[in-house]
Amino acid sequence: MKRLIVNADDFGLTANVNQAILDGHCRGVITSTSLLANGEAFESAVALARQAPRLGVGVHLNLTEGKPVATGLDIPSLVNGQGRFKRTPASLWRAVVLRRVSAAHIEKELRGQIEKVLAAGIVPTHLDSHKHVHALPALGKMAIRLAQQYGIPAIRCVAERKHGAGRLLRRYPGATRTVLRQLFNSCALTIVSRRWRGELQRAGLVCASDFYGLTATGFLDEETMREILSRLRDGASELMCHPGWVDDDLRRTPTRLVGQREIEFQALTSPAIKLQARDLGIELVNYRDIARANATRVLA
């Protein structure tokens with residue numbers, strides 16, 4: 001059986017991103033989303049999530065953009081003088097490896113983000129992270145521990161099975177540099193993520209067997225989606241996406257994905273995509289569904 005989680009990242013980024021994710025769930029193939037606890041539109045996202053009980057909502061752990069949930073005085077190694085996160089994903093990884101950032105500060109902030117989501121009445125289906133920082137082994141182990149402690153059944157494993165870079169390069173010759181950079185990131189994240197897939201299993205946590213959408217970030221149009229659906233294997237897969245509607249709030253955020261979010265929304269709500277998924281026998285699920293299916297197999 002082919003099962004697909006279509007997870008929209010950045011829930012809570014802006015009100016219009018939130019609305020696009022909800023509409024993509026109600027009208028399209030989105031089954032899951034990841035909530036930014038420190039997002040400017042967090043309350044809007046929570047209100048919309050209450051309208052969609054079948055939408056799985058995870059926590060989009062964030063250590064690189066915006067203001068933290070904890071006060072800057074409590075996590076000084078993570079923030080600048082304005083109390084905002086001060087590192088890019090790459091510099092955060094270097095700081096963790098070189099022990100220039102406090103692991104205690106990281107854990108305090110991640111706990112704060114999870115607890116803020118729980119306090120809002122959301123029962124998280126999974127953990128993932130902004131810019132995939134949890135793929136760093138030290139942070140991955142921390143995420144596993146936190147998931148166990150808070151009863152969160154699943155964590156995203158960023159191990160992209162087939163990146164489709166060749167097709168993207170042929171279709172978007174003007175974006176060669178971006179596609180190759182994302183391909184390199186995909187390969188690097190796949191290597192480190194596969195090393196702790198076994199740790200997830202030993203911890204009793206669920207992850208999708210295959211992951212898609214990293215190399216295609218910013219290029220997830222209807223044709224790319226059709227290609228991804230056509231090569232799904234049996235088992236559970238996750239497709240990461242970033243739908244949204246463009247407005248001034250989105251333009252003010254540090255995201256590089258602006259107009260592309262509307263293209264993704266059109267693909268994710270295309271009747272042809274829903275029809276293709278049905279014809280290929282793909283069951284659209286969220287992390288809660290695959291965690292329950294896994295528990296049933298274990299009990300059997």
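**Exercise 1. Describe how helix α9 (residues 222-230) packs against helix α12 (residues 271-279).**

Solution.
- Step 1: get the geometry. The two axes lie 10 Å apart, at an angle of about 5°. Axes are lines fitted to C-alpha atoms, for helices over the stretch in contact, and angles run from 0 to 180 degrees between N-to-C directions. Helices are DSSP runs of H or I, at least four residues; strands are runs of E, at least two; both are numbered from the N terminus.
- Step 2: classify. α9 and α12 are therefore roughly parallel. The cut-offs are under 35 degrees for roughly parallel, over 145 for roughly antiparallel and 65 to 115 for roughly perpendicular, with the rest oblique.
- Step 3: list the contact (heavy atoms within 4.5 Å). From α9 come Glu222, Met225, Arg226, Leu229 and Ser230; from α12 come Ala272, Ile273, Gln276 and Ala277.
- Step 4: sort by class. The contact has five nonpolar, two polar and two charged residues. Ala, Val, Leu, Ile, Met, Phe, Trp, Tyr, Cys and Pro count as nonpolar, Asp, Glu, Lys and Arg as charged, and the others, Gly among them, as polar.

The model is predicted: local features need pLDDT of at least 70, side-chain atom pairs count only at pLDDT 80 or more, and totals for chains, interfaces and linings use all residues. Numbering starts from 1 along each chain as its sequence is written, and side-chain values use heavy atoms, with hydrogens and water left out.

**Exercise 2. Find the buried residues of α12 and what covers them.**

Solution.
- Step 1: pick the buried residues. They are Ile273, Gln276 and Ala277. Buried means under 20% relative accessible area, exposed over 50%, partly exposed in between (1.4 Å probe, protein chains only).
- Step 2: check the side. These residues cover an arc of only 100° around the axis, so they sit on the same side of α12. The arc is that of the directions from the helix axis to the C-beta atoms.
- Step 3: look at the other side. Pro271, Arg278 and Asp279 are exposed there.
- Step 4: find the cover. It includes α9, α11 (259-268) and β7 (282-285).
- Step 5: step past the end. Just after α12, glycine 281 has a positive phi of about 70°.

**Exercise 3. Work out which face of helix α2 (residues 42-49) is buried, and how α2 meets α1.**

Solution.
- Step 1: the buried residues are Phe42, Ala45, Val46, Leu48 and Ala49. Down the axis of α2 they fall within an arc of 165°, so they line one face.
- Step 2: the cover includes β1 (2-11), α1 (15-27), β2 (32-35), β3 (56-61) and α4 (103-119).
- Step 3: the axes of α1 and α2 come within 9 Å and cross at roughly 20°. The two helices are therefore roughly parallel.
- Step 4: Ala15, Asn18, Gln19 and Leu22 of α1 touch Ser44, Ala45 and Leu48 of α2. By class, that is four nonpolar, three polar and no charged.

**Exercise 4. Characterise the packing of α4 with helix α5 (residues 137-150).**

Solution.
- Step 1: the axes are 11 Å apart, at about 40°.
- Step 2: α4 offers residues including Ile106, Leu110 and Ile114, while α5 offers residues including Leu139, Met142 and Leu146.
- Step 3: the contact divides into nine nonpolar, one polar and four charged residues.

**Exercise 5. Place leucine 169.**

Solution.
- Step 1: leucine 169 lies in helix α6 (residues 165-171).
- Step 2: its relative accessibility is 27%, so leucine 169 counts as partly exposed.
- Step 3: leucine 169 touches Thr176, Val179 and Leu180, not counting residues up to four places away in sequence.
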